Structure formats: structure tokens, C-alpha cells
Amino acid sequence: MKISYNWLKQYVHIDLPAEEVARLLTDCGLEVEGIEPFQSVKGGLKGLVTGEVMTCAKHPNADKLSLTTMNVGAETLLHIVCGAPNVAAGQKVIVAMVGAMMFPTEGEPFEIKKSKIRGEVSEGMICAEDEIGLGNSHAGIMVLPPDTKVGMSAAEFFAVEEDVVFEIGLTPNRADAASHIGVARDLLAVLQNTQSSISNLQSSILFPSIDHFKVDNVNLPITVDVKDATACPRYSGITISGVDVKESPAWLKNKLKSIGVGPINNIVDITNYVLHECGQPLHAFDADEIKGRKVIVRDAKEGEKFITLDKTERTLVTGNLMICHSDAPMCMAGVFGGISSGISEKTKNIFLESAYFSPASIRKTSKHHGLKTDASFRFERGTDPDITMYALKRAAMMIREIAGGKISSDIIDLYPSKILPAVIRLDYKNVDQLIGEVIDRNIMKNILQSLGIIITEENPGGLLLSVPTHKVDVTREVDVVEEILRIYGYNKIAVPSRLYSSFPAVENISREKIVNIISDYLCSNGFHEIMTNSLTKPAYAELANMDADENAVVINPLSQDLKVMRQSVLHSGLEAIEYNRNRKNPDLKFFEFGKTYHYKKDHYSEMNHLALYLTGKKTEPTWNGSRSPVDFFFLKTFVKNIFQRLGIDTRGHSFRETPVNNEIISSGLEIRTNDRLIVQYGMVNKKQLKNFDISSPVLVADFNWDVVMKLVPGKDQAMKDISKFPQVRRDLSMQIDRGVSYAEIETIAYKTEKNLLKEIFLFDVYEGEKIEQGKKSYAVTFILQDDRQTLTDSQIDKIMNRLMEAFEKQAGALIRKQ
């Protein structure tokens with residue numbers, strides 16, 4: 001949420017540095033996430049001055065250029081080459097000096113430099129309105145009034161407004177602060193209770209006066225019928241006739257632009273201004289489009305069609321609260337207006353709405369249709385039912401002043417069941433216990449009163465409080481304590497010298513410790529840890545050929561792209577890869593510890609995963625090294641090393657490694673134990689990459705971390721001496737069927753020699769013309785070692801003969817004898 005400092009000062013008269021105000025707001029719970037300067041004209045017209053064209057002659061080397069001399073109030077005249085057809089001697093113009101940064105209406109910013117144009121020196125630029133961001137015309141230079149003072153800064157001439165804007169990270173419970181007056185209320189309370197050095201500090205917020213509000217006539221009466229008082233507890237309205245819909249004055253446009261709201265027209269801009277001023281959303285209808293001169297607030301009919309202001313036809317459902325005329329809906333209450341009754345340049349009469357809607361009703365409509373507006377943002381969190389009349393009168397008076405017209409009806413205010421202030425009893429003992437120290441009772445009472453909370457009763461043990469209706473989140477005693485502490489200052493509460501805690505019983509294997517071990521290993525090998533959103537697009541399940549019915553669907557999604565919990569970690573990782581590749585970062589090594597979510601047979605479940613992602617080159621560029629791309633065996637090294645680091649021996653008979661080819665992995669392997677999947681790894685299917693516009697190959701390894709944790713040895717690993725006896729290496733070349741995998745060769749080897757075979761690895765593969773079609777050649781290395789004695793040649797030969805015999809019988813291998 002953006003808050004303008006100049007705007008804020010209208011309600012609290014202070015002159016503190018913006019950084020100090022940001023600190024005070026953050027300390028009271030309105031965290032200022034950023035401070036940005038604002039100019040009503042981008043760049044603030046810095047380096048631009050008013051000047052006078054002293055002479056103007058044709059350029060000797062260009063028919064369409066002119067040579068001018070400019071008086072900008074300096075000792076010497078400037079020589080400027082100008083291409084505008086309307087430049088002439090005696091004109092007062094805007095001159096951009098050398099070094100000025102230009103921010104045109106369209107296009108990129110550029111700097112003015114001293115240059116030669118067709119052989120003539122040019123020491124600046126005479127400006128057109130689009131070149132300095134003041135309009136769209138490029139027909140010629142701007143010509144100022146003849147009496148314009150020469151040498152005046154353009155910022156002063158055009159009255160450029162400068163401001164500071166606070167970006168506040170508003171928490172969902174602070175609906176009372178979703179406006180400039182709401183923020184001013186908290187700021188004033190902090191100043192009154194913590195800044196005693198500020199003199200002449202006001203006692204209350206300076207609300208704009210509505211004392212002069214009056215009804216001009218009753219020539220345009222419109223009746224209102226609220227069919228659903230639960231969803232719409234209060235509805236206020238008034239009509240204004242004879243308005244002139246046009247562009248808003250500069251001050252109003254600048255106020256809105258400073259907080260990121262684009263001006264539209266004077267009527268809509270006023271409703272937006274009042275919304276951001278006091279937090280009450282308003283809606284203006286073209287009164288001539290209200291058929292039957294009657295507004296009906298009702299529930300939508302199932303399947304009813306409605307076209308919103310964005311020209312989108314939407315299908316309504318029961319539960320959508322609608323503002324209607326006698327024939328059809330005009331507006332989604334508190335969410336979005338309709339195209340048929342909106343304000344246009346032809347509008348002459350308006351009906352102005354100010355209502356209090358049920359937060360639950362607005363939230364459901366907003367979520368169902370995926371519509372987020374400034375109005376729904378506030379209504380969903382809860383607005384103040386007592387401010388509807390003030391906001392209505394304030395807007396009506398502004399419309400009469402800025403757009404003309406007459407207030408042409410009495411105020412309609414339907415409020416059958418008044419919402420009363422919450423009554424809360426505050427016990428001093430509970431306050432002291434929750435805060436951890438005793439705060440002076442008078443300070444507490446001053447804080448409460450500065451926040452508008454009324455003390456109705458007082459006794460030695462506590463207070464009875466009446467909480468104003470704008471504080472929708474203050475409903476319990478603990479909420480009042482939080483209000484006191486926000487203003488008093490969390491930083492003033494001393495940290496206790498002694499902390500009390502209990503030590504929970506921990507399992508033999510610490511999951512966190514194991515995660516940290518693997519994270520350290522991966523980070524030390526160039527990986528970066530990522531944390532991605534578990535909420536994702538429903539379409540990803542279909543893309544991966546998963547059952548969409550097993551999606552864990554979010555009832556009230558933030559958007560359609562965050563509607564389900566993910567069934568696979570892959571797509572979150574691919575989104576991160578796409579994001580980085582689009583920012584010229586193509587060589588990536590990512591890992592993530594995350595969860596997937598599943599819904600089966602009316603039961604929800606979560607699964608922990610470790611995912612590795614590789615794409616691009618293996619290493620950073622160096623002067624003496626080659627940069628080869630990542631490949632399957634590069635990924636396999638990390639997979640094997642993770643198992644080794646955890647003490648999991650996947651060579652055992654219960655482990656089975658088989659090829660995998662599915663919608664996610666087009667070429668890879670999977671390891672299972674007792675039919676439980678441990679890991680799948682390999683090349684990501686191009687079908688998946690295409691959806692993320694990723695052209696380079698991506699490799700992924702997806703560990704079922706819950707299964708991995710069960711395989712980690714339960715006891716600490718015992719230390720083992722390095723063997724005193726040497727290892728022996730033997731190489732074997734064999735010709736096998738193309739369908740036989742290396743994993744099968746490895747399994748056969750370990751089954752055949754369980755004691756002395758320490759390691760096996762493949763160092764060459766050949767397929768080509770020199771061997772039989774349908775065959776391939778493997779060259780495999782075997783590492784043998786006996787921890788008790790040195791192996792003899794006869795022992796080694798006996799082992800190798802057994803291995804060759806096993807390969808011939810079980811894999812159909814043809815062994816090359818050396």
C-alpha cells in the first residue's frame with residue numbers, strides 16, 4: 001500500500017524527515033518496506049530552464065534545421081540546432097541544458113550532450129511537450145507566454161510537485177490503516193505518546209470539514225431496496241445532477257499518481273481520492289442508466305450473465321451480491337462495476353453509492369471471479385460502517401466543487417441493524433502477564449484514548465472499553481494489549497535475563513541434521529538452494545499426466561494460477577529456471593527440499609522431496625578450462641554421492657535400478673527398494689520444457705525424502721581404518737545386447753562377488769559398424785581388495801573368471817579375452 005507524505009500531512013501537521021516517519025510507522029506495526037521519491041513530472045524537469053530565442057537562421061547544411069542562439073539567463077548565449085518547424089526569434093521556450101536527463105512521454109530516457117549536428121555546434125535542446133513528459137504532441141516546440149521570465153527552472157514554471165511515498169506492507173488484520181487517515185491516526189498516536197519534544201502537536205486528526213454540505217434540490221430522487229441486509233447491512237446514496245465529466249485538476253491527478261492510481265475522469269478520480277483518504281470505497285453510477293429510478297441490492301441468480309468494466313462477460317452464481325436496477329445488474333457489489341452504468345464523458349447525472357458490505361460476501365465474490373480491486377481489498381478486510389455518511393458527503397461536495405452540478409436528492413441511508421462498538425474488559429493483571437512488565441496505567445490510558453478507544457468504566461483492577469467500529473480486528477482483550485504495545489513500542493520492553501525452555505525428546509536420527517548435511521554437500525559443489533511456492537497452476541497436473549482429481553484444491557485461491565497444491569516439485573523448479581534464464585543466467589544448479597500434496601479417497605497427504613536441477617554448463621568459465629554441458633552422468637554423480645554421504649548402500653539385493661521414460665523424465669533411471677520409489681533422475685521431457693520456453697536440456701533428480709530418511713542407518717557410523725592392503729584393478733571388455741543396461745551388469749557383479757568387489761564403474765561404451773547390429777560394447781573396471789591380506793594372482797583370476805561366467809550366462813555377454 002502506497003502512502004503519500006504530502007497527503008499525510010493534511011491530517012497530521014508535522015515536518016519530520018521521511019526516514020523518521022518511516023521508523024515511527026514501522027515501530028507501530030505499519031512496516032515501511034520502501035521510501036520512494038515522486039515528482040508529478042517524471043525526472044522533475046531537472047536541468048530544464050526557460051529561455052528566449054534571440055536569433056533564428058537556416059542551417060547552412062540542412063534545409064529542415066535551424067541555427068538559434070538562446071538566452072537562458074547566463075552570461076553567454078547558447079548555440080542550439082533545432083529541427084522544429086515552428087521555432088522563431090523572440091519566442092519564450094523550454095531549454096534542456098547539457099547534462100539534463102530527458103524522460104519523454106514514450107520511449108527510453110536520454111541525456112542531453114554537447115554535439116555537432118551537420119557541422120554546427122549544439123549546446124542543448126529546445127523542447128517539445130512529449131520530449132519532457134508533459135503531453136503527446138510532437139508537432140513543434142512548446143511556446144511559452146511572452147511575459148515568461150528567462151532563466152527560471154522548468155520545475156518552478158510548471159509547478160512540479162515533489163513528494164515522498166511510503167510503501168507499507170499492510171497486514172491483513174489492519175483494515176483500519178488502509179487509508180491516509182488511518183495511517184495518520186496511528187502516526188499521531190505514536191507522536192502523542194513518544195515524541196514529547198514536538199511542540200504544538202494537535203490533539204486529533206484534522207478531518208476535512210463537511211459542515212457546509214447541503215442538498216440543492218430533490219429533482220432526481222432514486223429509491224433503494226436492499227433485499228439482503230445480511231450481506232449489505234448499510235447502504236447510503238445520493239444523486240447529483242448536471243455534472244461536467246472531464247479531466248481532473250492537476251492537484252487531484254498528482255495525488256492519485258503519487259500512490260500509483262491512474263487518473264480517469266473527475267468523477268471517478270474523486271471516488272478514488274476519497275477511498276484512499278478515509279478507506280471507504282464509493283461507486284458512481286450514471287443515473288440515467290438506472291431503469292425505473294430504483295436501485296435493488298440482491299443476490300445474483302444462478303447463471304445470470306454480467307459484463308464488467310473490463311468488457312468481460314461473467315457468469316454469476318448464487319452468493320454474488322449485485323447492485324441492480326429494475327431489469328438487470330449494474331455492479332458486483334464492492335468488487336467491480338458494470339460497463340452499462342459506468343461514468344463516461346456523456347454522463348450528466350450520477351448516483352453516488354457508499355455502503356458497508358459483509359466481508360465474507362465480498363471475499364467470496366472476489367475469489368470466485370478472480371477479481372482484485374482497491375474496493376474489494378478493503379471490503380474483504382472490513383470497512384467502518386460509521387464512515388459511509390462522511391465519505392458520501394465528502395465526495396458529493398468535491399464533485400459539486402470540481403465537476404459542477406447540484407445535489408438533487410436527500411441522502412438515502414438504509415441501516416436497519418446498527419453495528420455497535422465492541423465492549424471489552426481489560427484486566428491489568430492480564431496486560432502485565434502478556435507484556436512481561438508493568439506499564440504505567442496513565443500511559444496505557446493515554447494510548448487507548450489517542451487511538452479513539454473510549455474508557456467507559458475504570459477500577460483499580462482494569463478498564464471497560466468501547467472500541468470504535470473502524471478497528472475491526474480489536475475484538476478481544478489480547479487485541480487491546482497489542483494496540484497498547486504497538487504504540488508504546490515493542491523495543492521498550494526489556495529482554496529477560498533468563499529464558500525458560502524445555503528440551504523435547506528427539507528421534508535417533510534428526511531430520512534437520514540430515515537435511516543440513518546434504519544442503520552443505522550440495523552448496524559446496526556449486527548448487528543454490530531455492531524455495532518455491534507450493535501453490536501452483538491446475539494445468540501442471542495434466543501436463544505431467546497426473547490425475548487432476550488428486551489435486552489438493554484451495555477453496556479461496558489468491559488467483560487462478562495459485563489454485564491447487566502441487567503434485568510434483570518439477571514445475572516449480574522449471575519456473576525458477578525460466579526466471580533465471582530470462583535474466584541471462586543460463587548455467588544453473590538448483591536444489592530444493594519441498595513437499596508435494598495429494599488427495600485420494602477423501603484423504604489428504606503430504607510427501608517430502610529433495611529435487612536437484614541442472615542446466616547449462618558444468619562449470620563457470622575459466623581461462624584454462626573447457627566448459628562442457630551438464631549430462632546424465634554428471635547428475636548421476638551427485639545422486640550416488642548423496643546416498644554415499646548418508647551411508648545408504650544401493651548395491652544391496654533389495655535395491656533395483658531400472659530405466660524410466662515418462663511425461664516428466666524422457667530418459668533416465670529410477671531406484672526402488674521393496675517396490676518403494678527412492679529416486680527418479682534423468683533428462684526432463686521436452687514437452688515439459690516447451691511450456692516454460694526453455695530451449696536447453698534440463699536434468700532433474702527427484703528423491704522421495706520420506707523413504708530416504710527411513711533408509712538412513714539408525715546408529716552413528718563407526719569409524720573404520722583404511723585398509724593396509726592394496727587395491728587391485730582389472731578391466732573387462734564385453735559385447736552385450738543393446739537392451740542390457742549397465743545397472744544389470746553392476747547388479748550381477750555385486751551378487752557374484754559380495755566380499756572382495758569394492759567398486760565397479762563403466763569407462764567406455766561403443767556402438768557402431770565394427771560390432772554386430774543390435775549389440776554394444778562395454779569396458780568396465782573392477783576394483784578388488786581384501787582387508788586381511790594382499791590378493792594373489794590366482795585369487796584375482798578366480799574372481800574374474802566367476803564374473804565373466806556370470807555375465808555370459810545372465811547377460812548373454814561375449815567377453816573379449818586379452
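What follows is a short conversation about a predicted model, moving from its nonpolar cores to its surface.

Colleague: Which helix gives the most to the largest nonpolar core?

Modeller: The largest nonpolar core has 85 residues, and those with the most contacts inside it include Phe166, Ile168 and Ile399. Among the contributors to this core, the one that gives the most, with nine residues, is the helix spanning residues 388–402, namely α9.

Colleague: How many residues are in the other core that lies apart from it?

Modeller: Val515, Leu522, Leu635 and Val712 are among the members of this other core, which lies apart from the largest one. Its number of residues is 35.

Colleague: Which side chain of opposite charge is nearest to the buried Glu550?

Modeller: Glu550 sits in the loop between α14 (539–543) and β30 (552–553), and, leaving aside neighbours within four places in sequence, Glu550 is in contact with Gln567, Tyr597, His598, Tyr599 and Lys600. A salt bridge needs the charged atoms within 4 Å, and Glu550 has none, since the nearest side chain of opposite charge is 4.1 Å away. That side chain belongs to Lys600.

Colleague: Does Leu309 count as buried, partly exposed or exposed, and why?

Modeller: Leu309 lies in the loop between β17 (305–307) and β18 (313–315), and together with Ile307 and Ile339 Leu309 makes a nonpolar surface patch of about 240 Å². Buried means under 20% relative accessible area and exposed means over 50%. Because the relative accessibility of Leu309 is 41%, Leu309 counts as partly exposed.

How values were computed. Residues numbered from 1 in each chain as written. Predicted model: local features only at pLDDT ≥ 70, side-chain atom pairs only at ≥ 80, totals over all residues. Heavy atoms only, no water. Patch = residues over 30% accessible without salt bridge, like charges linked within 9 Å, V, L, I, M, F, W, Y side chains within 5 Å. Areas by Shrake-Rupley, 256 points an atom, 1.4 Å probe, with all protein chains shown as cover. Helix = DSSP H or I, 4+ residues; strand = E, 2+ residues; numbered from the N terminus. Buried < 20%, exposed > 50% of the residue type's maximum accessible area, 1.4 Å probe, protein only. Lys, Arg positive; Asp, Glu negative; His and termini not counted. Contact = heavy atoms within 4.5 Å. Core = buried A, V, L, I, M, F, W, Y, C linked by side-chain atoms within 4.5 Å.
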